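Good morning, and thank you for coming. Please take a moment with the sequence and the structure before I go through them.

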Amino acid sequence: MGMGWDVYVCGVDGAPAVISLDLDLRETAERGTHPQRLHVRHAFHAPRANGLPDGTENDAMYALQDTLVAALTEETDAVYLACMNNHGYREHFFHLPAHSDGRTVVAKVEAESADYELETFSEDDPAWAYYTEFLWPDPRTMQYLMDRRVLQSLAENGDRHDLPRSVDHCLDVPDERSGRALLAEAQAAGFGERVRAQEGRWQVLLERDDAVELDHIHGVVWGLCEMAERYGGGYDGWGCLIAK
């Protein structure tokens, strides 16, 4: 099962940006069949002072997006990567096969749209570097997205995130010595549990009572991510029972 689309907030060129991204395209990028990157953007009619839309034109923007994606997909076999709101513009990103005439397709869409003037930019990007290096979330943002997904699943089952409960964490380490050193540090921060060998790898299993409101549990998780990295390991995830 893939990761699908997700949305995150970051800073771009000194202003807030909201990026919606398809997280399942790394394998597509590796095939090398779509080396041309195409940007299509339009200005907001009513941007807020921070450069993001005020919400009054959402229907028109989403309708244009649907039309644009459908046209480029059908006529050029384009792959839709992402869209970004930033600095008073909404920008869409595609990858196309070599020599595809995406700009002509965009011009047709613009001619049929009375709402927005469309600007385009394209360049060769066979390694999909813009996708992997600019649009892709940094490690902390990606962990935030994963934590948010866990909480969404809990919420669907009636969980009250503000209620403390036992939360289990799993961390991978390269060897038993590293695991025991990590466990000692974690115990000083109030965690309990053990080190174990599991299918040829060493793991540290931690447990502590915590509420799971997003900002709080993400702070806990990211602290453990940094702790695991200090011992040459990595963070493997968390879970808990539903609390009502």
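**A hairpin, two sheets and a core**

I begin with a hairpin: β8 and β9 form it with two residues between them, and E199 in the turn has a positive phi of about 50°. The model is a predicted one, in which local features need pLDDT of at least 70 and side-chain atom pairs count only at pLDDT 80 or more, while totals for chains, interfaces and linings use all residues. Residues are numbered from 1 along each chain as its sequence is written, and side-chain values use heavy atoms, with hydrogens and water left out.

A word on naming: helices (H or I, at least four residues) and strands (E, at least two) are DSSP runs, numbered from the N terminus. Two strands pair if DSSP finds at least two bridges between them.

The two strands of the hairpin, β8 and β9, are joined in the antiparallel sense by seven bridges. Within that pairing, A197 stands opposite W202 in β9.

The hairpin belongs to an open sheet of four strands, ordered β8-β9-β7-β10, with antiparallel pairing. At its edges are β8 (192-198) and β10 (234-240), each of which pairs on one side only. From one strand to the next, the twist averages 20°. Axes here are lines fitted to C-alpha atoms, for helices over the stretch in contact, and angles run from 0 to 180 degrees between N-to-C directions.

Inside this sheet, β7 (residues 165-173) and β9 (residues 201-210) are paired antiparallel over nine bridges. V167 has R208 of β9 as its bridge partner, and L171 has V204, also in β9.

Which helix lies across β7, β9 and β10? The answer is α7 (residues 214-230), which runs at about 150° to β10.

**The core and the pocket**

In general, nonpolar side chains in soluble globular proteins tend to be buried together. A nonpolar core, as used here, is a set of buried Ala, Val, Leu, Ile, Met, Phe, Trp, Tyr and Cys residues joined through side-chain atoms within 4.5 Å. Buried means under 20% relative accessible area, exposed over 50%, and partly exposed in between, with a 1.4 Å probe and protein chains only.

The largest such core has 24 residues, and those with the most contacts inside it are L171, V204, L206, I217, L224 and W238. Two or more residues come from each of α5 (139-156), β7, α6 (176-188), β9, α7 and β10. Helix α7 gives the largest share, nine residues.

Let us look at L206. Counting as contact any heavy atoms within 4.5 Å, and leaving out residues up to four places away in sequence, L206 touches V167, D168, H169, L171, L183, A186, F191, G192, E193 and L224.

The largest pocket holds about 190 Å³ of space. Its lining residues include M142, M146, W222, Y235 and W238. Helix α5 provides the largest share of that lining, six residues, and α5, α7 and β10 each supply at least two.

**The other sheet**

A second region to inspect is an open sheet of six strands, in the order β1-β2-β4-β5-β3-β6, with antiparallel pairing. β1 and β6 (119-124) stand at the edges with a single partner strand each, so one side of each has no neighbour in the sheet. Here the twist averages 20° from one strand to the next. Strands β2 and β4 run antiparallel and are joined by five bridges; I19 has M84 as its bridge partner in β4.

**Two aspartates and a valine**

Most residues other than glycine have a negative phi. D13, not a glycine, has a positive phi of about 55°. Its place is the loop between β1 (5-12) and β2 (15-22). Is D13 buried or exposed? D13 counts as exposed, at 66% relative accessibility.

D77 likewise has a positive phi, of about 60°, although it is not a glycine. D77 lies in the loop between α2 (58-76) and β4 (79-86), and counts as partly exposed at 46% relative accessibility.

I close with V109, in helix α3 (residues 102-112). V109 is buried, with a relative accessible area of 4%. Which residues does V109 touch, not counting those up to four places away in sequence? They are L64, T67, L68, A71 and L118. V109 and L64 are 45 residues apart along the chain, and their C-alpha atoms are separated by 8.3 Å.

How values were computed:
On a 1 Å grid over the protein atoms alone, a cavity is a set of points where a 1.4 Å probe fits but cannot get out, and a pocket is an open set with protein on both sides within 12 Å along at least five of seven lines; lining residues have an atom within 4 Å of a point. Grid points are joined across faces, edges and corners, and a volume is the space filled by probe spheres set on the points.
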